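Please look at the structure below. The questions that follow deal with charged pairs and one serine.

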Amino acid sequence: MIPIAEPCLGKKELDNAVQALESGWISSKGEFIEKFEQEFAKYCGRKYGVATSSGTTALHLALTALGIKKGDEVIVPDLSFIATANTVIYCNAKPVFIDSHPEYWCIDPNKIEEKITSKTKAIILVHLYGHPCNMDAIMNIAKHHDLYVIEDVAEAHGAEYKGKKVGSFGDISCFSFYGNKIITTGEGGMCLTNNEELAEKMRILRSHGMDPKKRYWHNLIGFNYRMTNIQAAIGLAQLVKINQFIEKKRQIADWYKKGLKYLADQGMITLHPEMPWAKCVYWMYSILVEDKFRINRDELIRFLEERGIETRPFFYPMHVLPPYKTYDDTLNLSKSISLKGLNLPSSITLEKSEIDYIVDTVKLA
Ligand SMILES: *Cc1c(COP(=O)(O)O)cnc(C)c1O
């Protein structure tokens, strides 16, 4: 079976993890944590990094540090992993869903303003499947309406908008280092910001809200959202290879693009987009299975599975999921993209011959 995404771990990850274990610092103190925070922030062009236990806790930490609370509304894309919206609920605020852009699937900036109310406090945007959002348009809207911007960069480490890395635009950007992400620490995440005060606030909230100058004095309700030293040790080893990983992801995308070009030219599938202003990192190389294709998306999933190829359907648009179910006739593209969308195997360990096999099998269907 060719898996959809598997981590690429090497000797350096092992050595670092062993070093963390041998040092005895196996919880959330130890030399690797600050190093990983600093190095990752530097890589993304940000001043401060606050490592967390997951991408989800990073998002919750960011929203809490920005003061998002009951009665507030937060703009989120309809088409994303559910954690993006759940963290808004954790703050007792309300996620307001926005449709996808037809060409690149992320939040459509043209549809944000009609959903802004006096209660709107922030926009969370998601660089979906490795493709950056339209940052100029979103930053302009946020500035005009005085909204915070949180970037959910869980799927797009190292992607670029007009030559600048995503995760360096918003007030806070949140990353995930789950096992199938661009780089991994097993479980883990990080918040990045240029704002020293916000960074300090997130550090305090991450560790039970304890006053850094007065032990066991808690000025606010915090969390335990810390990353362990062992995770940070693995993350540091991964970070050294991140550009190599991204180049391989782009190589895989190129193999797919060339291999599937005929089907795309026939209008049977739509290839993973890359807008002229974007450097996509193709976290998961994705296609849309169009009506002209001989079988539908779910039948194609089964066809590939029977031939040893694991694929995944796109996320459901959140507004159709039970916790968020609403009727909203502005959310059409997210729905149709979701129904047609398919993630193909995208591990950095894949070889050309395996991509050829996948391409040939899709053509056979
Ligand atoms: C993976 C992911 C998350 C959650 O990250 P975890 O580390 O699994 O908590 C959040 N948002 C998006 C878009 C993701 O893909």
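Q: How many salt bridges does the count come to?
A: Side chains of opposite charge can pair when their charged atoms come close. A salt bridge here is a side-chain nitrogen of Lys or Arg within 4 Å of a carboxyl oxygen of Asp or Glu. This is a predicted model, where local features need pLDDT of at least 70, side-chain atom pairs count only at pLDDT 80 or more, and totals for chains, interfaces and linings use all residues. By the salt-bridge rule, the count comes to 19.

Q: In which helix do K11 and D15 both lie?
A: The closest N and O atoms of K11 and D15 are 2.9 Å apart, and the two residues form a salt bridge. Residues are numbered from 1 along each chain as its sequence is written, and side-chain values use heavy atoms, with hydrogens and water left out. K11 and D15 are four residues apart, about one turn of the helix, and both lie in helix α1 (residues 11-23); helices (H or I, at least four residues) and strands (E, at least two) are DSSP runs, numbered from the N terminus. The helix is α1.

Q: Is K11 buried or exposed?
A: Buried means under 20% relative accessible area, exposed over 50%, and partly exposed in between (1.4 Å probe, protein chains only). Its partner D15, at 35%, is partly exposed. K11 has a relative accessible area of 61%, so K11 is exposed.

Q: How many residues apart are E37 and R203?
A: E37 forms a salt bridge with R203, with the closest N and O atoms 3.9 Å apart. The pair links distant parts of the chain, with E37 in helix α2 (residues 31-44) and R203 in helix α6 (residues 196-206). E37 is buried at 4%, whereas R203 is partly exposed at 28%. The separation along the chain is 166 residues.

Q: Which residue forms a salt bridge with R307?
A: R307 is partly exposed, with 32% relative accessibility. The partner is exposed, with a relative accessible area of 62%. The closest N and O atoms of the pair are 3.5 Å apart, and the partner is E306.

Q: With which side chain does the side chain of S286 make a polar contact?
A: S286 lies in strand β12 (residues 286-289) and counts as buried at 0% relative accessibility. A polar contact is a pair of N or O atoms within 3.5 Å; within protein, one must be able to donate a hydrogen and the other to accept it, and residues adjacent in sequence count only if both atoms are side-chain atoms. At 2.9 Å, the side chain that S286 meets in this way is that of N343.
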